[in-house]
Amino acid sequence: MTPRVAVVGCGQWGQNHVRTLKEIGALAALSDQSAQKAAALSERFAVPAVTLDALLDDPGIDALVLALPPSLHGPTARRAFAAGKDVLIEKPIGLDPADAALTAEAASEAGRILMVGHVLRFHPVFERLDAAVAEGRVGTVRHIISTRLGLGRFLGMDAVWDLAPHDLSLVLQIAGEHPSGIETLRRTVLSDETDVADIALRFPSGIGAEIHVSRVSPFRDRRFSVVGTEGMLTFDDLAPEGQKLAFHGHRVWRDGAAFAFQSADADYLDTEPGLPLDRELRHFLECVATRQAPRTGADEAVETVRILEAASPRKTA
């Protein structure tokens, strides 16, 4: 049977979860601090709007999706685990590594599923890129580049905490290990927080990564590239369909005392259709039903928060 899921927090992204779960046939209830908003969505999607306490006490609710302010994610998730619910938490799962670790520990002790909403991991183009890297298409991975630029939102979180979790999730998947070194250059441009940041990561295997994020860019750029000894792959999320994943057979090699290089035209790889959020939620439902570990589980959730804290420490009152 399809697990019965409730969405807690019905802001912009929470409503996307509500709509998608309804389409899948797994939406059982919703909850929001705004009774007016909850009532309107309850009528629109034909499911009950109830309090968080009622959801936790309801044995018919198998799992929760939390799309709350990040400061509420940890405490709410820990209550849910204690009540026997599995939980998908929108990124980030907390605002400091200690709180994130507590949430992961609570899930483990309760024997519950903890999944973090790193939705781009479920983008079919990234999944194809990940498979191509694993197949050895680029040879040995040497470097990863992720760029996320645009005119962003200003919702009380700086650009690192708001934008970089997406990129960190992709980088950690390709690298397959935790970074051993983190360096960040942060700049305040038009707000009182970090608006632009460059994050450099070093991994024990020798892989390097660079992440560029900006919420004050006059143009949009959403590209993710993997550089290897036998070529390079680029996922361009803004490219037309059919051109989102390109392989470039660029190579550089030592030639005596110097280096030689070879460039090549783009070879566009075929990718599957599909919406990342739909694929993410279906994976969560499968994990709830089968008790398998999520692809974006507790280890990735905690490590992402650790890197975010190192890259841009949260201000304390």
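What is the handedness of the crossing of α1 and α2? The crossing of these two helices is right-handed. Keep that in mind as we walk through the chain, and keep in mind too that the structure above is a predicted model.

Let us start with the sheet that α1 rests on. Five strands form an open sheet, with parallel pairing, and their order is β2-β1-β3-β4-β5. At the edges sit β2, covering residues 27–31, and β5, covering residues 114–117, and each of these finds a partner on one side only. Averaged over the sheet and with direction ignored, neighbouring strands are turned by 20° against each other. For a detail of the pairing, look at β1, residues 5–8: four bridges join β1 to β2, and the two run parallel. Within this pair, valine 8 stands opposite serine 31 of β2.

Now add the helix. Helix α1, residues 12–24, packs on the sheet and touches β1, β2, β3 (63–66) and β4 (86–90). If you compare directions, that of α1 makes about 165° with that of β1.

Next comes the helix pair from the opening question. The axes of α1 and of α2, residues 35–45, come within 11 Å and cross at roughly 20°. Angles under 35 degrees count as roughly parallel, so α1 is roughly parallel to α2. On the α1 side, the contact is made by Gln15, Val18, Arg19 and Lys22. On the α2 side, Lys37, Leu41, Arg44 and Phe45 take part.

Following α2, the chain enters a loop that leads to α3 (52–57), and alanine 46 lies in this loop. The backbone is worth a look here, as alanine 46 has a phi near 60°, a positive value in a residue other than glycine. Is alanine 46 buried or exposed? Its relative accessibility is 62%, and since the threshold for exposed is over 50%, alanine 46 counts as exposed.

Another backbone feature waits beyond β4. Proline 92 has its place in the loop between β4 and α5 (97–110). The peptide bond from lysine 91 to proline 92 is cis, with omega near -15°.

Let us move on to the strands β8 (196–202) and β9 (208–214), where isoleucine 207 is found in the connecting loop. Why does isoleucine 207 count as buried? Its relative accessibility is 9%, and buried means under 20%, so isoleucine 207 meets the criterion. Leaving aside neighbours within four places in sequence, isoleucine 207 is in contact with Val141, Arg142, Ile144, Ala175, Leu201 and Arg202. You can also pick out glycine 228, which is 21 residues away along the chain: its C-alpha atom and that of isoleucine 207 are separated by 9.8 Å.

Farther along, the loop between α8 (276–290) and α9 (298–311) holds arginine 291. Arginine 291 has a positive phi of about 70° although it is not a glycine. With a relative accessible area of 38%, arginine 291 is partly exposed, because this value falls between the 20% limit for buried and the 50% limit for exposed. Threonine 296 lies in the loop between α8 and α9 as well, but at 0% relative accessibility threonine 296 counts as buried. Which residues does threonine 296 contact, leaving aside its neighbours within four places in sequence? They are Leu114, Met115, Val116, His118, Arg121 and Phe122. The edge strand β5 spans residues 114–117, which brings us back to the sheet.

Helix α9 has a partner of its own to inspect. The axes of α7, residues 159–175, and α9 come within 10 Å and cross at roughly 130°. That angle makes α7 oblique to α9, and the crossing of α7 and α9 is right-handed. From α7, the contact involves Val160, Trp161, Ala164, Pro165, Leu168, Ser169 and Leu172. From α9, the residues include Glu300, Thr304, Ile307 and Leu308.

A last stop concerns the cysteines. Cysteine 10 counts as buried, at 0% relative accessibility. Cysteine 287 is buried too, with a relative accessible area of 0%. How many disulfides does a search of the whole structure find? The search finds zero.

Note on methods:
Residues numbered from 1 in each chain as written. Predicted model: local features only at pLDDT ≥ 70, side-chain atom pairs only at ≥ 80, totals over all residues. Heavy atoms only, no water. Pairing = 2+ DSSP bridges. Axes fitted to C-alpha atoms, helices over the stretch in contact; angles between N-to-C directions. Contact = heavy atoms within 4.5 Å. Disulfide = S-S within 2.5 Å. Buried < 20%, exposed > 50% of the residue type's maximum accessible area, 1.4 Å probe, protein only. Parallel < 35°, antiparallel > 145°, perpendicular 65-115°, else oblique. Left-handed = near helix turned anticlockwise from the far one by under 90°.
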